[in-house]
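These are my notebook entries on one protein chain. I set down what I looked up, entry by entry.

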Amino acid sequence: MEVDSSTNPVLPRVGLVYDNRMRQHSTPNGEYHPENPYRTRAIWKKLKSAGIPQRCVVMKAKEAEDRYIALVHKQKHIDLIRNIGSSEFDSRRKKITSKLNSVYFNEGSSQAAYLAAGAVIEVSEKVAKGELDSAVAIVRPPGHHAEVNEAMGFCLFNNVAIAASFLLNERPELGIHKILIVDWDGHHGNGTQKMFWEDPRVLFFSVHRFESGNFFPFGDDGPHSMIGEGLGAGYNVNVPWEHGWCGDADYFAVWDHVLIPITKAFKHDSNFWRI
């Protein structure tokens, strides 16, 4: 997330959140999984080797409150994620997981999910208040596939959607009235799209591999024709890649010819970049 600091002669204050506790979310039997604790550790190690943390305001994560998560998720889903790490679910996690799409749970899943959502909320609020000029939240589990009432695609809570809704609905005094979410992960942000489908305050932009709906998360949510409905019509923009992998030149073309012109017209107050 970032705000315009061009009028500020002081060096930018960049927030950086990293918390080892999120690494406790892992596969129950220790088998390899692409969404694993080493992902955030590798990012942190790379940043440290470049001396980045010394130039930032480094923060620990704080757990999100249920009332803020409830801005985008149903209570049934919140209850599941809150309790899934407790011992009473030891014998039930495997069965619950089998009913979900590409999700795993273990004893550390509950805390990690709450910390991930809380970290994005906290840095977003600090940027909105002007305490930081921009911020990066290194969090896991990720969020953009998580839907209103279902964990999906490695994602338990929809972290960026929670934070955006928090600013718009819980902190109106901060003056954030329009938010841009840019999702440039290789997969479509289906959960985030649905949460703001009819909301003109949020411009959701997703560039992703689509393959006519045959690439995860599959289905018909990711084509360019999905533009939102009602008041939100025109505020959902999908750029679906076809025919395999796309490179830097493709992304530059989309940024220059699609994203930048659209966002200039939108005149948003705040950015969220979801990697």
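**Entry 1. The area between the domains**

I began with the buried area in this predicted model. Domain 1 and domain 2 bury about 1900 Å² between them, and 66% of that area is on carbon and sulfur atoms. I then looked up which residues stand out on the side of domain 1. His144, Leu168 and Ile176 supply 34% of the area that domain 1 buries against domain 2, more than any other three residues.

I noted the bounds as well: the domain assignment gives residues 12-176 to domain 1 and residues 177-274 to domain 2. The C-alpha centres of the two domains lie 21 Å apart. To the contact, domain 1 gives 27 residues and domain 2 gives 23 residues.

**Entry 2. Polar links across the interface**

How many salt bridges are counted between domain 1 and domain 2? I found a count of 1 salt bridge. I also recorded a salt bridge of lysine 194 with glutamate 147, whose closest N and O atoms are 2.9 Å apart. For polar contacts, I noted 10 residue pairs across the interface of domain 1 and domain 2, with both residues at pLDDT 80 or more.

Next I asked which elements give two or more residues to the side of domain 1 that touches domain 2. They are helix H5 (109-129) and helix H6 (159-170). The largest share of that side comes from H6, with 8 residues. By class, the side of domain 1 that touches domain 2 has 14 nonpolar, 12 polar and 1 charged residues.

**Entry 3. A residue of H6**

I looked at alanine 161, which is placed in helix H6. Is this alanine 161 buried or exposed? Alanine 161 has 0% relative accessibility, and it counts as buried because the cut-off for that class is under 20%. Leaving aside its neighbours within four places in sequence, I found alanine 161 in contact with Val72, Met195 and Phe196. I also took one distance: the C-alpha atoms of alanine 161 and phenylalanine 218 are separated by 21 Å, and the two residues are 57 places apart along the chain.

**Entry 4. Unusual backbone angles**

Before reading the angles, I reminded myself that most residues other than glycine have a negative phi, and that most peptide bonds are trans.

I recorded two cis peptide bonds. One runs from arginine 140 to proline 141, with omega near 5°. Proline 141 lies in the loop between strand S3 (134-137) and H6. Another joins phenylalanine 216 and proline 217, with omega about 10°. I located proline 217 in the loop between strand S5 (202-209) and strand S6 (236-241).

I then turned to positive phi values. Glutamate 211 has a phi near 55°, a positive value in a residue other than glycine. Glutamate 211 lies in the loop between S5 and S6. Lysine 267 also has a phi near 55°, and I found lysine 267 in the loop between helix H8 (248-266) and strand S7 (270-274).

Which class of accessibility does glutamate 211 fall into, buried or exposed? Glutamate 211 is at 18% relative accessibility, which is under 20%, so I entered this residue as buried. Lysine 267 is at 64%, which is over 50%, so I entered this residue as exposed.

**Entry 5. Two buried residues with polar side chains in contact**

I looked up arginine 93, which lies in helix H4 (residues 93-98). Arginine 93 counts as buried, because its relative accessibility is 7% and the class takes values under 20%. What does the side chain of arginine 93 reach at 2.6 Å? I found the backbone oxygen of isoleucine 84 at that distance. The side chain of arginine 93 also makes a polar contact with the side chain of aspartate 90, at 2.9 Å. Not counting residues up to four places away in sequence, arginine 93 touches Ile84, Gly85, Ser86, Phe105, Asn106 and Glu107.

My last residue was aspartate 183, found in strand S4 (residues 179-183). Its relative accessible area is 1%, so aspartate 183 is buried. I noted that a polar atom of the side chain of aspartate 183 lies 3.3 Å from the backbone nitrogen of aspartate 185.

Note on methods. Residues are numbered from 1 along each chain as its sequence is written. This is a predicted model: local features need pLDDT of at least 70, side-chain atom pairs count only at pLDDT 80 or more; totals for chains, interfaces and linings use all residues. Side-chain values use heavy atoms; hydrogens and water are left out. Domain bounds come from an automatic or database domain assignment. Contact means heavy atoms within 4.5 Å. Buried area is the accessible area (1.4 Å probe) that two parts lose on being put together, summed over both. A salt bridge is a side-chain nitrogen of Lys or Arg within 4 Å of a carboxyl oxygen of Asp or Glu. A polar contact is a pair of N or O atoms within 3.5 Å; within protein, one must be able to donate a hydrogen and the other to accept it, and residues adjacent in sequence count only if both atoms are side-chain atoms. Helices (H or I, at least four residues) and strands (E, at least two) are DSSP runs, numbered from the N terminus. Ala, Val, Leu, Ile, Met, Phe, Trp, Tyr, Cys and Pro count as nonpolar, Asp, Glu, Lys and Arg as charged, and the others, Gly among them, as polar. Buried means under 20% relative accessible area, exposed over 50%, partly exposed in between (1.4 Å probe, protein chains only).
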